[in-house]
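Reader: I'd like to go through the salt bridges in this one. Can you set out your terms before we start?

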Amino acid sequence: MDKLIIKGANPLIGDVSISGAKNAVLPMLCASVMASKTNVTIRNVPHLHDVTTTLRLLSEMGCTTSMDEMMSVELDPSTINNLYAPYDLVKTMRASILVLGPLLSRYGHAKVSLPGGCAIGTRPVGLHLDALTKMGAEISIDNGYITAHCKNLKGCPINFPTTTVTGTENILMASCLAKGTTIISNAAMEPEVIDLANFLIEMGADISGQGTSVITVNGVDELHGISYSALPDRIETGTFLVAAAITGGRVTLKNAIYSHVEIVIDILREAGAEIHHTDNTITIDMKKQRPKPVEIETGPYPQFPTDMQAQLTALSTIATGVSIIKENIFENRFMHVQEMTRMGADITLEKNSAIVRGTDSLVGAQVMATDLRASASLILAGLAAHGVTEVERIYHIDRGYDCIEEKLRQLGADILRVPM
Ligand code: EPU
């Protein structure tokens, strides 16, 4: 197991390129099992453990997969012969549930482990299963496994009582090959959902309304292989913007989409950052200032993303006043708070809000990462802190950030990965 050693309090300066979006690529990889005849190629795939895990999962099903150095993945689903997602793989990555809809829709059967516990909250998948049942699937749960059968899924209205990102994606994928029309209401509107819908449309699906809360899918008989480039990762984009802001630096992000992070940028502007953009770059300049306090409340897109909450909490620890951070999506997503407190942060938790009283500076300490975005926030805190911060259990960060320490070093950070 590795740890990161960070010597902080250096403004980050320079350019960095944003990788492909994890949460767009994972459903696309799963959707690929629905292609008949021709292979699927996905470009701009980030180098991440979650991608490797998904490729392993698909390989174990018999799908032929290959990846080149240009981060392009080719999949040949014609060799699939095992419609089974085992616990050993699913437990390391909840997104594995995304194979359920495509397998059921294309092959009429799937056995997928229930994802189980998760550090950031309970994260059930009942809404995915209810919707598939409504589409005609027979679903049973035995010994921790979901077994689903259905000769032909049938299109129908699906109204999600809570907006769910992977739930919307699972049903979007399942309905592509269903008989008739599926109308998904209260659908997630995240850019990754739009990217998946565009990917499926190129494969031959008949989808409209993606990016709104109502998505309509007319089932088609067959989907085919394509070559598609995934969109840039908006959470990596936001994380690097905060890295610049928390160190008082000036950074230009290349291959970044401004409109996908507008709400994060609004908050960073409130915090005092100067931000400019072009079609595919964003430049942030914090002019060596301490951030001003902010108020944030997380919610489904286009509201403030829960996946950026921990990073903004880190920024608030050194703000010139009191920030209020309210988490509305996951009930246990403040695991970073205790670790930040060990670095001198002054944070009080009240129900689902963190009240963060900014201090002049943080001091380096040994801290432990508990989940992906919490890991990112501790690295950010380490970049701002005086002295040395050691971030342990960083295997979480490798699940979702492509070469994070190389990219930070490129911006002048003093950060090193060492074996523990
Ligand atoms: N929910 C239910 N029942 C369900 C499904 C969801 O009650 O059947 C609830 C959840 O408990 C939560 C809310 O609905 O309170 C929203 O959860 P959602 O289903 O949208 O989350 P998810 O699809 O499991 C995706 C991302 C997460 C991101 C959330 C919210 C992927 C692979 N994962 O998770 O990303 O935090 O949406 O935006 O797309 C990450 O990348 O670090 C990450 C955790």
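Author: Sure: buried means under 20% relative accessible area, exposed means over 50%, and partly exposed is in between (1.4 Å probe, protein chains only). This is a predicted model, where local features need pLDDT of at least 70, side-chain atom pairs count only at pLDDT 80 or more, and totals for chains, interfaces and linings use all residues. Residues are numbered from 1 along each chain as its sequence is written, and side-chain values use heavy atoms, with hydrogens and water left out.

Reader: How many salt bridges does the count come to?

Author: A salt bridge here is a side-chain nitrogen of Lys or Arg within 4 Å of a carboxyl oxygen of Asp or Glu. Go by that rule and the count comes to 18.

Reader: Is Arg290 buried or partly exposed?

Author: Arg290 pairs up with Asp360 in a salt bridge, 2.9 Å from N to O. Its partner Asp360 counts as exposed, at 62% relative accessibility. Arg290 itself has 32% relative accessibility, so it counts as partly exposed.

Reader: And Arg333 with Asp307, buried or exposed?

Author: Their closest N and O atoms are 2.7 Å apart in a salt bridge. The pair links distant parts of the chain, 26 residues apart. As for accessibility, both Arg333 and Asp307 are buried.

Reader: Which strands hold Asp346 and Arg357?

Author: Those two side chains form a salt bridge at 3.7 Å, N to O. Asp346 is partly exposed at 33%, and Arg357 is partly exposed at 35%. Strands (E, at least two residues) are DSSP runs, numbered from the N terminus, and the two that hold this pair are S22 for Asp346 and S23 for Arg357.

Notes: Helix = DSSP H or I, 4+ residues; strand = E, 2+ residues; numbered from the N terminus.
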